[in-house]
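Open the model in your viewer and keep the sequence panel beside it, so that each selection can be followed by residue number. The tour moves from one selection to the next, and each stop says what is there.

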Amino acid sequence: MADSNTAMQDYDRPLLMAGGLGKTYGRLNACQDVSFSLYPGEVLAIVGESGSGKSTLLQLLSAQLAPSSGKVSYRMRDGVMRDLAALGEAERRFLFRTDWGYVHQDPVLGLRMAVSAGANVGERLMAVGWNHYGHIRDTATSWLERVEIDIGRIDDAPRTYSGGMRQRLQIARNLVTEPRLVFMDEPTGGLDVSVQARLLDLMRNLVSELGLAAIVVTHDLAVARLLSHRVMVMKGGRVIETGLTDQVLDDPREPYTQLLVSSILPA
Amino acid sequence: MNAPVYNFAYLDEQTKRMIRRAILKAIAIPGYQVPFASREMPMPYGWGTGGVQVTAAILGPSDVLKVIDQGSDDTTNAISIRKFFARTAGVATTTATADATVIQTRHRIPEAPLHGGQVLVYQVPIPEPLRFLEPRETETRRMHALAEYGLMHVKLYEDIARFGHIATSYAYPVKVNARYVMDPSPTPKFDNPKMDNCPALQLFGAGREKRIYAIPPYTSVVSLDFEDHPFTRYRFDAPCALCGADDSYLDEIVTDDQGSRMFVCSDTDYCENRQAQGHRGSESAAPHKERSHG
């Protein structure tokens, strides 16, 4: 951020671009012809019912699955747009633990349940060569504070944590290397509503403070409304509607989106 | 029928060739775990089947073999392996570190400095240093391939967070030749510095896990640590009760059920040599007379 000019320029150029992205499993089209651009600091929600291809799309975008057609490019920290499929495995894994975050629906998948919370947060730092215990611990402590976990529990393993705390710890673990893009797969799934509300509030603050770009997969329209700037509605592997969040949710054009919006139970 | 006649050093020649090829590859890539077709040996897993196969593959008729178990030449495991090779290969055996050309060891490196031309063969139970942090073998192999070793420091971090210092006292992870992170088998971390720049060839055999790895002579071996928690050796703060040595690794021996104990060198050859030279500790009896084991 030293040079405000380049910072401005970076904000004008897309961070991640998907073009004609598709994935087939035999005759099954899990996802087809998805194209969009994501800009720095932008939060995109992908909504749709189960089986609509949301999770497949997220895996394609995060280079965990190879697409059957189309490509995904990402602007690396040096400003160069790279095709993810052309990255070597070492580069891809490095990207995954520095510039990207991935928040799983089930925190067990994203955390090391048997090592302490502090080490969970510190792991990414140690992976990029931090070699000073005091510094690692201080950073871990400040991140636990930011995600509202009692720092007295820094040495407890996450298996002693509640569901909401685990999810917050997973977020801290992902954000400690200051990524520019975070993928979230149903981040509030399986949590009760009051914990959900607190988590959403926290994520919204972090995203705006850090200027993160995020791609959030959810079937919960309330999550999309609270977190995202833009929404993509998926059905049967295709994107059927896309637009600003309030526009899509308040004034849905497609019949399917109208159905989706109207099926929210009144609180 | 007569008693069965074994091939020299028990294993057949084809098997020895296979093991030698694995050893050569291991030497060419210091610290890399080379898979090999480990054979059933006439002893249970955990008794040194990997070490025995490596020893069998490198042994020649003119070699002099020493076998130690926790530094000691006279425990069951050491004696039976020594007898095994005395019978199947007819090689000379010794307990003197300086006289041996091949030393098979479980859990210790001799106190006497090793010299060029010697081979130290370690028995290894679990060759993978990342095993208890990452259970997937496919994943650990990938981590080795890409030199992703942040996870190893997670273990050390956990130690400091829990105990205030790096409490790992054996199987302390090392980085070999500035590339591969390696488990030095369950040797006490007291022995780690002896691996660094050692003139002898060090070979590691894991029979159950089917892996061989090596440290060629004069290779850098660095124990992992943090800048603010550097690697330290550990040793009981006492002289040896038999030879008075204050620089050797000690075993704690409980002598009665009243809480009495004594500390003695774990390396029996080193201790006996010192006693023969007239060094005495607080508990020493008459100096040892017999120096060789059949």
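Which handedness does the β-α-β unit made by strand 7, helix 8 and strand 8 of chain A have? Before turning to that, note that the model is a predicted one.

**Stop 1: a β-α-β unit in chain A**

Select strand 7 of chain A, then helix 8 of chain A, which covers residues 193–210, and then strand 8 of chain A; together these elements make a right-handed β-α-β unit. Strand 7 and strand 8 of chain A run parallel, and 5 bridges join them. To see individual partners, pick A:Met184, which stands opposite A:Val216 in strand 8 of chain A, and then A:Phe183, which stands opposite A:Ile215 in strand 8 of chain A.

**Stop 2: strand 8 of chain A**

Now keep residues 213–218 of chain A selected, since this is strand 8, a strand that is mostly covered, with 6 of its 6 residues buried. In a regular strand the side chains alternate between the two faces of the sheet. Show the side chains here, and you will find that A:Ala213, A:Ile215 and A:Val217 point one way from strand 8 of chain A, while A:Ala214, A:Val216 and A:Thr218 point the other way, all of them buried.

Add strand 3 of chain A, residues 43–47, which pairs with strand 8 of chain A in the parallel sense over 5 bridges. Within this pairing, A:Ala45 has A:Val216 of strand 8 of chain A as its bridge partner.

**Stop 3: the sheet of chain A and a helix across it**

Widen the selection to the open sheet of chain A, whose 6 strands follow the order 6-7-8-3-9-10 with mixed pairing. Its edge strands, each pairing on one side only, are strand 6 (100–103) and strand 10 (238–244) of chain A. From one strand to the next, the twist of this sheet averages 15 degrees.

Next select helix 2 of chain A, residues 54–61, which lies across strand 3, strand 7, strand 8 and strand 9 (230–235) of chain A and runs at about 155 degrees to strand 8 of chain A.

**Stop 4: a loop residue in chain A**

Move to A:Glu178, placed in the loop between helix 7 (163–175) and strand 7 (181–185) of chain A. The phi angle of A:Glu178 is near 50 degrees, which is a positive value in a residue other than glycine. Is A:Glu178 buried or exposed? Because A:Glu178 has 11 C-beta neighbours inside 10 Å, and a residue with 12 or fewer is called exposed, A:Glu178 counts as exposed.

**Stop 5: chain B as a whole**

Switch to chain B, in which there are 7 helices and 12 strands. The radius of gyration of chain B is 20 Å, close to the 19 Å that the globule rule gives for 294 residues, so chain B is as compact as a globular protein of that length. Along the principal axes, the C-alpha atoms of chain B fill a box of roughly 60 × 55 × 35 Å, and 46% of the 294 residues of chain B count as buried.

**Stop 6: the sheet of chain B**

Select the open sheet of 7 strands in chain B, which has the order 1-9-8-5-4-2-3 and mixed pairing. The edge strands here are strand 1 (34–35) and strand 3 (92–93) of chain B, each of which pairs on one side only. Inside the sheet, strand 5 of chain B, residues 119–123, runs parallel to strand 8 of chain B and is joined to it by 5 bridges; one pair to pick is B:Val121 with its bridge partner B:Leu203 in strand 8 of chain B.

Then add helix 2 of chain B, residues 49–58, which packs on the sheet and touches strand 4 (102–106), strand 5, strand 8 and strand 9 of chain B, its direction making about 155 degrees with that of strand 5 of chain B. Helix 1 of chain B, residues 13–28, lies across strand 1, strand 8 and strand 9 of chain B, and runs at about 45 degrees to strand 9 of chain B.

**Stop 7: where the chains meet**

Finally, show both chains: 15 residues of chain B are in contact with 17 residues of chain A. On the side of chain B that touches chain A, the residues divide into 7 nonpolar, 3 polar and 5 charged.

Methods
Residues are numbered from 1 along each chain as its sequence is written. Chains are lettered from A and ligands numbered from 1 in the order in which they are written. This is a predicted model: local features need pLDDT of at least 70, side-chain atom pairs count only at pLDDT 80 or more; totals for chains, interfaces and linings use all residues. Helices (H or I, at least four residues) and strands (E, at least two) are DSSP runs, numbered from the N terminus. The radius of gyration is taken over C-alpha atoms; the globule rule is 2.2 Å times the number of residues to the power 0.38. A residue is buried if 20 or more other C-beta atoms lie within 10 Å of its own, exposed if 12 or fewer, and partly exposed in between; C-beta atoms are placed from the backbone. Two residues are in contact if their C-beta atoms, placed from the backbone, lie within 7 Å. Ala, Val, Leu, Ile, Met, Phe, Trp, Tyr, Cys and Pro count as nonpolar, Asp, Glu, Lys and Arg as charged, and the others, Gly among them, as polar. Two strands pair if DSSP finds at least two bridges between them. Axes are lines fitted to C-alpha atoms, for helices over the stretch in contact, and angles run from 0 to 180 degrees between N-to-C directions. A crossover is right-handed if, with the strands pointing away from the viewer, the path from the first strand over the helix to the second runs clockwise.
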